[in-house]
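Reader: I've just opened this one and I don't know my way around yet. Could you walk me through it, one question at a time?

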Amino acid sequence: MSKDAVNTAVAAPHNDAAQVPADAGDAGYSKDLKARHVNMIAIGGAIGTGLFLGAGGRLHNAGPALAIAYLVCGIFAFFVVRALGELVLYRPSSGSFVSYAREFLGEKGAYVAGWMYFLNWSTTGIADITAIALYTHYWSMFTSIPQWTLALIALAVVLAVNLISVKIFGEMEFWFAIIKVATLVAFMFVGIFLLATQHKVGGQTPGLGVITDNGGVFPHGLMPVVLVMQGVIFAYAALELVGVAAGETAEPEKIVPRAVNSIMWRVGLFYVGSVVLLALLLPGSVYSADESPFVTVLSKIGVEGAGDVMNLVVLTAAMSSLNSGLYSTGRILRSMAMAGSAPKFTARMNRSQVPYGGILLTCAVCVLGVGLNYLMPSQAFEIVLNVASLGIISTWVIIMVCHLIFVRRAKAGLVARPSFRLPGSPVTEIATIVFLLACLGMMWNDPEVGRKTLLLIPVIAMMLVGGWFAIRRRVAKAEDQELAELTK
C-alpha cells in the first residue's frame, strides 16, 4: 500500500498491530519458525564466508586495524537491524522492509527496495554456488568434476530444502549456525591457549609483539582499512533476515528483540574477537586471500586435517548463505507480486505454504551463474560479489529511510512506536546512511574492481526506470483494489 493511501485510509493513531494496514503478501504463511530458529538465523546472518574466508585477504591488506573496521561496520549494521526490529514489532511482515517501504515511501520505494534486494541475493546466490564448487574442488575426489556441475548440484539440493517447508529451512539454518559457532568457539579456545602458554606459531611467539614488530596496528596506513570497509559490510549482509523470518514466527514480539539485541555481542565476540586473536598470533603479511586465516594459524602449529575441517565449515557457510537467499527472496518477491511490481507467478504458494514462484525465479538467475561458472570459472566469484554489494548497501539505506519516516509519523500521532526502539533517532539513522553512502563512494579508490562496480549504478538505474514504466499501471490497479478492501 502506498504512502498516500495509508495517510488517507488511516486517520487515527495505531494502538495495536491489527489496526495497521496489513500487507496482502503476508496472507497464507505458516508460523512454524521457533525462537531457536530465529536466534540461529540471526547468528547465521552474522557469521559467514566473510569471516571464515574473506578475513585472510583483508588482514593481509589492512593488518590488525581490520578489527577496527569490523567493529565500526558492526555498530552500523546493528543500527540497521535494530531499526528493522522496531518496524517488525510495529507490524510483522514476511515482506519485511519492502512492505515498510511500500507504507512509508510509496509503491516506487517498495519497487526499488524489492528489486535491489533481489539483485543482491540472486547475485550472492551465484557467488555462493561458485564458492561451493571451489571449496568442493579442495578434495581430490571432486577435482575431476567440472565446476559448473558442482554448482548445479548445490543449487538443486538447497532448492529442494527450501521448497519442502519453512520448518525444514529453519532446521537447516539452525544446524548450519551450530557448526559455524562451534568452529569459532573452538578456534578461540585454541588461540587463547596459544597466547596464554606463549606457544610458538610459525616460529614466532604470539602476543602484542607480533603487532608492534610488524608495522603496528596500521602497517600499511589508513587507506587500506578504508578500502576494505565495503567488503566488511558485505560480510555482515544477511543480518536483515531476522526481519523476514519474523513474519513466520508465532510470537515476534518476544523473539525479535532477543535476536536483534544478541547480534551486537556476537559481532563483538566472533568478528572483532577472532580478528584480534588472528592478529596476535601471526603478522598480517602471513595471511592471504587464497586460504582461510584459521587454516593458516592451525597449519602453523602442525594441526593435521585443519584444512579439511575449515574447508567443510566454509562450505557450510556458503550453503547457509544460498539457503537464506532463496528463502528471503521468495518472501520478498511474493510481497511485491501481490502489489503488482513483480511477476504474478512469484505470488504462488505450494501446499506447504512456501512461495515457490519467487524461489524458482531466484534459482533461474542462479542457473545463469552456473553458465558463468562454465564460461568464466576463474572470474565468476569476483564479478557477482561486487554487484551484490550495491544491492545490500541500497537495502540498508532504504531500511533507515523508512525508519526515519516512521519516527516522524509517530511524532505526528499517526502511528505508535513499540517499546523496543532504535536509540538516538534521528541522528542514528542519518549517521548510518552517511556512512553507507561514504563506503559506496570509497569504492572509487579501487580502480580494478570498485570503480567498475560503481559504473554499473547508471545501468541498474535505467533498468529500474524502464521496469517501473512497464508495470506502473498494474501496480496502480493493485493499489486501488487494496484500498477498496481496506475502506469497505
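Reader: Let's start with a loop: where does alanine 237 lie?
Author: This is a predicted model, so take each value as computed from that prediction. Helix 13 covers residues 241-245. Alanine 237 comes ahead of that, in the loop between helix 12 and helix 13.

Reader: And is alanine 237 buried or exposed?
Author: Buried means under 20% relative accessible area. Alanine 237 has 15% relative accessibility, so the residue counts as buried.

Reader: How far apart in space are alanine 237 and glycine 50?
Author: Along the sequence, 187 residues separate alanine 237 from glycine 50. Going through space instead, from C-alpha to C-alpha, the gap is 9.2 Å.

Reader: Okay, back to helix 12. At what angle do helix 5 and helix 12 pack, and what is that arrangement called?
Author: Helix 5 takes in residues 66-90 and helix 12 residues 229-236, and their axes are 9 Å apart. The packing angle is about 55°. Angles under 35 degrees count as roughly parallel and 65 to 115 as roughly perpendicular. An angle of about 55° fits neither, which makes helix 5 to helix 12 oblique.

Reader: Which residues of helix 12 make that contact with helix 5?
Author: On the helix 5 side, the contact uses Leu66, Ala69, Tyr70, Val72, Cys73, Gly74 and Ala77. Facing them from helix 12 are Met229, Val232, Ile233, Ala235 and Tyr236.

Reader: By class, how many nonpolar residues does the contact of helix 5 with helix 12 have?
Author: There are no charged residues in this contact, and one is polar. Gly counts as polar, and Gly74 of helix 5 is in the contact. The nonpolar residues number eleven.

Reader: What about helix 14 and helix 15: what is the handedness of their crossing?
Author: Helix 14 (residues 252-281) and helix 15 (residues 293-300) have axes that come within 11 Å and cross at roughly 40°. The two are therefore oblique to each other. Their contact is made by Ser274, Leu278 and Leu281 from helix 14 with Pro293, Phe294 and Val297 from helix 15. As for the handedness, the crossing is left-handed.

Reader: Helix 16 caught my eye. How far does helix 16 reach from its first C-alpha to its last?
Author: Helix 16 runs over residues 306-338, which gives 33 residues. At 1.5 Å a residue, the expected span is 48 Å. The model comes close to that, with a reach of 49 Å.

Reader: How many residues of helix 16 are buried?
Author: Helix 16 is largely enclosed by the rest of the structure, because so many of its 33 residues are buried. The count is 29.

Reader: I'd like some backbone oddities too. Which peptide bond is cis?
Author: Look at the loop between helix 18 (380-411) and helix 19 (427-442), where proline 426 lies. The bond leading into proline 426 has omega near 5°. That cis bond is the one from serine 425 to proline 426.

Reader: What is the phi of glutamine 198?
Author: Glutamine 198 sits in the loop between helix 9 (166-197) and helix 10 (208-212). With 43% relative accessibility, glutamine 198 counts as partly exposed. Although glutamine 198 is not a glycine, its phi is positive, at about 55°.

Reader: Last one, zooming out: how many helices are there in the protein chain?
Author: Buried residues make up 58% of the 488 residues in the chain. As for secondary structure, the chain has zero strands, while the helices number 21.

Notes: Residues numbered from 1 in each chain as written. Predicted model: local features only at pLDDT ≥ 70, side-chain atom pairs only at ≥ 80, totals over all residues. Heavy atoms only, no water. Axes fitted to C-alpha atoms, helices over the stretch in contact; angles between N-to-C directions. Helix = DSSP H or I, 4+ residues; strand = E, 2+ residues; numbered from the N terminus. Parallel < 35°, antiparallel > 145°, perpendicular 65-115°, else oblique. Contact = heavy atoms within 4.5 Å. Expected span 1.5 Å × (residues − 1). Buried < 20%, exposed > 50% of the residue type's maximum accessible area, 1.4 Å probe, protein only. Left-handed = near helix turned anticlockwise from the far one by under 90°.
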